[in-house]
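Work through the exercises below with the coordinates open. Try each task before reading its solution.

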Amino acid sequence: MIPVTRPYLPDRRKLDSYLDGIYSRGWLTNNGPLVQLLTERLEEYLGVRNLLLVTNGTLALQIAYRAIGLVTLQASPVRRAVTTPFSFAATASSLQWEGVSPHFCDIDADSWCLDLACLAELDGRDIHGVVPVHVFGNACDIEGIQRLAERWQAKVVYDGAHAFGVDYRGTSLLQHGDATTLSLHATKLFHSVEGGAVIFRDREDLQLARELINFGIGPTGEIRGLGINAKLSELHAAMALCVLDDIAYIMESREAIWCHYVRHLDGCVDLQQRHPLASNNYAYFPVAFPDSQSQHTCRIALEAAGIMPRNYFHPSLDECGFYGASGEASRSRSLSSRILCLPIYPGLSLTTVERIADVVKCSITEAVSG
Ligand SMILES: *Cc1c(COP(=O)(O)O)cnc(C)c1O
């Protein structure tokens, strides 16, 4: 069986040597030496400052909302944030969980990110935040979003869960907005089994976030306010340090697979239109079919061949009743019923990629002739 992705497992002996260190120090969590080392190495690799490691990508969003002041710690009137319905559940649920009502704006038909024209139509007076997603690692309209957020005096948190390592205009995409979050979940391009990170623009927000993830405890040890526990452990940092050593290999293998798919499928299916000023991290290989029927036909054909694509992201989050949200998004709903993500992970052979592409092409021909 060929899954859509496979968690990257680094060299076992290297992981063992990190574990030996953890055993000899007896320091398992609470900003230990491996978490500190991983923070430094990630800031260097990504070319960012003010990075904070946390337990997962969902808490990364929640901590970011609080640290930058989208969620205030005092009782506050209703807060609203605009976001995209074409994303993983955590983008919307993290807002609702923090008492911020999501408002869904539609996506652009080509980039699959938030549509700026749709955003610009909103009445900014009751919008406190914008939470765009660099979906499948594709950069959003950074300047356009910044302009609107300034006009509305709204905070911006980018959900960068898919955007590890992406550059924009030659520097890191992850340094835009008031904050950008990462997920380091096992299924993501770069991982710590479970984990996440927030990259803050302002040092003061990072300092507050450090306290928020540690029960509100300040640098001198006294409890200074409300907090939660969102610390990354030494064991998780050890895994990430091993994966980071192999990141060049991970990127190169993904790029080879991605390009091979494009060679075999371009013209047969719709591909996401990538931002011309951003690099690609080859995290996903999504394809869009003309309609949900041909997507379904292809999915059945792939599954019969032992290939397990995923329909990320279905349903469109504006179709879910439980986020206390407003806004409807027809382009997002349409795409979510027509999309499939094809397998892509280091170790997937190019011969298998060709076999997958052949099944996709045959299913399209069948749908047309049938
Ligand atoms: C994976 C993901 C998250 C959540 O990350 P976790 O580490 O699993 O909590 C948030 N947003 C998007 C877009 C994701 O794909």
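**Exercise 1. Is N50 buried or exposed?**

Solution. Start with the ground rules. This is a predicted model, in which local features need pLDDT of at least 70 and side-chain atom pairs count only at pLDDT 80 or more, while totals for chains, interfaces and linings use all residues. Residues are numbered from 1 along each chain as its sequence is written, and side-chain values use heavy atoms, with hydrogens and water left out.

Next, fix the classes. Buried means under 20% relative accessible area, exposed over 50%, and partly exposed in between, with a 1.4 Å probe and protein chains only. N50 has 3% relative accessibility, so N50 is buried.

Now place the residue. N50 sits in the loop between helix 2 (33-46) and strand 1 (51-54). Helices (H or I, at least four residues) and strands (E, at least two) are DSSP runs, numbered from the N terminus.

Last, look for a partner. A polar atom of the N50 side chain lies 3.3 Å from the backbone oxygen of R201. That fits a polar contact: a pair of N or O atoms within 3.5 Å; within protein, one must be able to donate a hydrogen and the other to accept it, and residues adjacent in sequence count only if both atoms are side-chain atoms.

**Exercise 2. Describe the shell around the ligand.**

Solution. Count first. The ligand is surrounded by 14 residues, and the closest are T58, D159, H162, S183 and K188. A residue is near a molecule or strand if one of its heavy atoms lies within 4 Å of it.

Then sort by class. The shell holds 3 nonpolar, 9 polar and 2 charged residues. Here Ala, Val, Leu, Ile, Met, Phe, Trp, Tyr, Cys and Pro count as nonpolar, Asp, Glu, Lys and Arg as charged, and the others, Gly among them, as polar.

Assign secondary structure. Helix 3 (57-67) and helix 4 (89-97) each supply at least two residues of this shell.

Now check distances. A side-chain N or O atom of T58 is 2.6 Å from an oxygen atom of the ligand. For H162, the distance from a side-chain N or O atom to a ligand oxygen is 2.7 Å. D159 has a polar side-chain atom 2.7 Å from a ligand nitrogen.

Finish with area. Alone, the ligand exposes 380 Å², and the protein buries 92% of that. Accessible areas come from the Shrake-Rupley method with a 1.4 Å probe; for residues, only the protein chains shown count as cover.

**Exercise 3. Why is strand 3 (residues 100-104) largely enclosed by the rest of the structure?**

Solution. Count the buried positions. In strand 3, 5 of the 5 residues are buried, so the rest of the structure largely encloses this strand.

Split the side chains by direction. V100, P102 and F104 point one way, S101 and H103 the other, and all are buried.

Find the neighbour. Strand 2 (residues 79-83) pairs with strand 3 in the parallel sense over 5 bridges. Two strands pair if DSSP finds at least two bridges between them. R79 has V100 as its bridge partner in strand 3.

**Exercise 4. How many disulfides are there?**

Solution. Apply the cut-off. A disulfide is a pair of cysteine sulfur atoms within 2.5 Å. The count is 0 disulfides.

Test one case. The closest cysteine sulfur to that of C298 is in C362, at 9.9 Å, too far for a bond. C298 is buried at 0% relative accessibility. C118 is also buried, at 18%.

**Exercise 5. Examine the backbone outliers.**

Solution. Recall the background. Most residues other than glycine have a negative phi, and most peptide bonds are trans.

Take the positive phi values. Q153 has phi near 55 degrees and lies in the loop between helix 6 (142-152) and strand 5 (155-159). Q153 is exposed at 72% relative accessibility. Y282 also has phi near 55 degrees, but Y282 is buried at 14%. Its loop runs between helix 9 (247-265) and strand 10.

Take the cis bonds. One joins Y312 and F313, with omega about 0 degrees. Another joins H314 and P315, again with omega about 0 degrees. F313 is in the loop between helix 10 (292-304) and helix 11 (330-338), and P315 is in the loop between helix 10 and helix 11 as well.
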